[in-house]
Protein chains: 2
Amino acid sequence: MDQKTQRDPAMTDVARLAGVSHQTVSRVLNDHPNVREQTRLRVRAAIKELGYRPNRAARALVTGKTQLIGVVAQNSTLYGPASLLSAFEEAAGEAGFAVSVGRVKVLDRESIAAAVERHRDQRVAGIVVIAPNASAADALADVPAGLPLVTVDGDPDRRTPLVTVDQAAGAYEATTHLLEAGHQTVWHVSGPQDWFDAAGRVEGWRRALEAVSAEVPPVVAADWSAAAGYKAGQMLARMPEVTAVFASNDHLALGVLRAMHERGRRVPHDVSVVGFDDVPEAAYFIPPLTTVRPDFAAVARETLGLLLEQVVEGESTTSRRTVAPVLVRRESVAFPA
Amino acid sequence: MDQKTQRDPAMTDVARLAGVSHQTVSRVLNDHPNVREQTRLRVRAAIKELGYRPNRAARALVTGKTQLIGVVAQNSTLYGPASLLSAFEEAAGEAGFAVSVGRVKVLDRESIAAAVERHRDQRVAGIVVIAPNASAADALADVPAGLPLVTVDGDPDRRTPLVTVDQAAGAYEATTHLLEAGHQTVWHVSGPQDWFDAAGRVEGWRRALEAVSAEVPPVVAADWSAAAGYKAGQMLARMPEVTAVFASNDHLALGVLRAMHERGRRVPHDVSVVGFDDVPEAAYFIPPLTTVRPDFAAVARETLGLLLEQVVEGESTTSRRTVAPVLVRRESVAFPA
DNA sequence: CCGACACATGTGATCGCTAACATCTCGGTC
DNA sequence: GACCGAGATGTTAGCGATCACATGTGTCGG
């Protein structure tokens, strides 16, 4: 018995102290009706006195369900995915779920499949995949149909539960802002060609130009890094006709700012620049960057909501939700010289 | 039986197919000795054919142990903590552990205690706390002694298992670099006063100045944001005698760069600036920033190693490890004008 | 007054796995 | 030839919770 007192208290211990059966303790814990109030209070007092905590492994064994959500995300410190993940962990925590993140180095079918398998090993209640490109989206075809799954920033054409920032709307607004500032056209430095975010932003930029019959210049293709923005900026800086640039994220914009500076093209005097994401430092770029701010907290809440809907319903949906970003006007846009 | 085929295969199913007992299947899964090779192969074939996956809930119920590590971290997208967390999730995944992150909004005793409780509810194998300030470190006093625990970037004076970047060494090297570039002294824009990282960096900066009997100017206290760096920089920009600034992180440095620019103080011509963290964009600041780069992957590996040491040994240690950062020289340091 | 139903609580089996203990066989040594 | 120990495998119990079913009591309506 001495040895027995060393393990964590179980329901049987609570039951013994409260003078009821373990079933009654279970009823109290799970807020079942038809438990006499006096009994309920006695059980709660026993729980408190013993410092009892439910054993989730036992519960998971019986019910076949866990309070764990698996997330598949690329190993990255990119501001967008990092913000989204942090917001999702908070939202899930508030809903009583733990979040386990399965990192993948590259977004290919094999790596994502392996991460999903690890989550299935954990018997997660559902899976969220940050699936920003085509190969990531393809990998989801392997996921068993019955497993609750939501993709974030995934393929808008795929018929799976999806939550995404309205990239096109954000890009449309950024481009329109530049056009309304007086620019004849707007050049675009895009993110990776195969990322849906980047594709959505190209689409929004293009649509805004076409809406006013402005020239649609060729897209300057890049990745998400400031380095890529710098390279693109070096080229754009040499073209006197470039007076407005919409960069697909803030770090690209930073690289563009740097290249313009090196070339003596003043921002916003000679060239206006707009970014996307509104990283906290954007306000302190030289000059402070006008940018588009996605609502990561809202995306996280929608993602959790969509996932738990499937967990509760026990079936998949094809529901999808978009979250509108907002334009943050700072000092990197002006009328062309 | 039709209903029975709908559940996931269990060891009893594998046993039946392989013609052995469930205990023998358990022995094969756990690589016990004294299993005939022919039997082992038959069991493995049955596992493969059935697509059997061990039920971790059942195993956790029996052994009282899980393959889950809890992390307590503040809700933040700061590059340092974000990089560390991402690296840790990867390291843990490679070691066969899932990671569940408990986010706290503020680093106070109550929030951290609640996050630790949620992890204990999950019966995690151990806990890693990113405990960057005094209140976070204090909260760890409440953690039961038997629970494996490692703090990262925590209180260097506290006798608990700790892994940290060698902040002082990094700051020492950054400051020495500026002094060797010919500056009479180096001003410092610090992080939050109560963060151990920031304190360590102040100490390293101070020690480097004292090592050459240089003047030790008053610390310009800030937080981690570019906004705070900008404010500090506005003041430093007005002081002609300021020719060298060591900022406690890259975003502070960005703010300083911006303030200098506004005031016409050219970097590095008039003022040299060094940061800390080496965010990916640092190379594209104007000018590209000289900075100190911590090795987050190494910190993550050391943290996991220290934690698993406690899990295996079943007892706490007082071991601690520091990981040296390196100076990355770019273009924001020059001889004073 | 009796039967039915609702309320309140209890009993026992089971989920899937591990560990302790049991059983059988074979080979080596005395 | 007998005995002992090691190898190989099997049997049983139990971890802690939930669920299905059981039992007892009180109230209300016929």
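Angles in this tour run from 0 to 180 degrees between N-to-C directions. The model in the viewer is a predicted one.

**First stop: the sheet of chain B**

Begin by selecting residues 187-189 and 272-274 of chain B, which are the strands β6 and β8. They are the edge strands of an open sheet, each pairing on one side only. With β7 included, the sheet has three strands in the order β6-β7-β8, and the pairing is parallel. From one strand to the next, the twist averages 20 degrees.

Next, add residues 244-247 of chain B, the strand β7, which runs parallel to β6(B) and is joined to it by three bridges. To view one pairing in detail, display W187(B) with V245(B), its bridge partner in β7(B).

Two helices may now be added to this view. Select residues 167-180 of chain B: this is helix α8, which lies across β7 and β8 of chain B and runs at about 165 degrees to β7(B). Then select residues 250-262 of chain B, helix α11, which lies across β6, β7 and β8 of chain B. The direction of α11(B) is at about 145 degrees to β7(B).

**Second stop: a helix pair in chain A**

Turn to chain A and select residues 79-94, helix α5, together with residues 296-313, helix α12. Their axes are 8 Å apart, and the two helices pack at an angle of about 50 degrees. α5(A) and α12(A) are therefore oblique to each other. The crossing of α5(A) past α12(A) is right-handed.

Which residues make the contact? On α5(A), display S83(A), L84(A), A87(A), F88(A), A91(A) and A92(A). On α12(A), the contact is made by F296(A), A297(A), V299(A), A300(A), R301(A), T303(A) and L304(A). By class, the residues of this contact of α5(A) with α12(A) are ten nonpolar, two polar and one charged.

**Third stop: where the two chains meet**

Display both chains to view the contact between them, which takes 42 residues from chain A and 41 residues from chain B. On the side of chain B that touches chain A, α4, α5 (79-94), β2 (98-104), α6 (109-121), α10 (226-237) and α11 each supply at least two residues. Within this list, select α5(B), the source of the largest share, seven residues. The side of chain B that touches chain A has 18 nonpolar, 13 polar and ten charged residues.

**Fourth stop: DNA strand D**

Select DNA strand D and the 25 residues that surround it. The closest are M11(A), S26(A), N55(A), A58(A) and Q23(B). In both chain A and chain B, α2 (22-29) and α4 (56-63) each supply at least two residues of the surface near this strand. Highlight α4(A), since the largest share of that surface, five residues, comes from this helix. The surface near DNA strand D divides into eleven nonpolar, eleven polar and three charged residues.

**Last stop: DNA strand C**

Finally, select DNA strand C, which 26 residues surround. Here the closest are Q23(A), R36(A), M11(B), S26(B) and N55(B). Again, α2 and α4 of chain A and α2 and α4 of chain B each supply at least two residues of the surface near the strand. Which helix gives the most to the surface near DNA strand C? Select α4(B), which contributes five residues. Coloured by class, the surface near DNA strand C shows eleven nonpolar, twelve polar and three charged residues.

Conventions: Residues numbered from 1 in each chain as written. Chains lettered and ligands numbered in written order. Predicted model: local features only at pLDDT ≥ 70, side-chain atom pairs only at ≥ 80, totals over all residues. Helix = DSSP H or I, 4+ residues; strand = E, 2+ residues; numbered from the N terminus. Parallel < 35°, antiparallel > 145°, perpendicular 65-115°, else oblique. Left-handed = near helix turned anticlockwise from the far one by under 90°. Contact = placed C-beta atoms within 7 Å. Nonpolar A, V, L, I, M, F, W, Y, C, P; charged D, E, K, R; others polar. Pairing = 2+ DSSP bridges. Near = placed C-beta within 6 Å.
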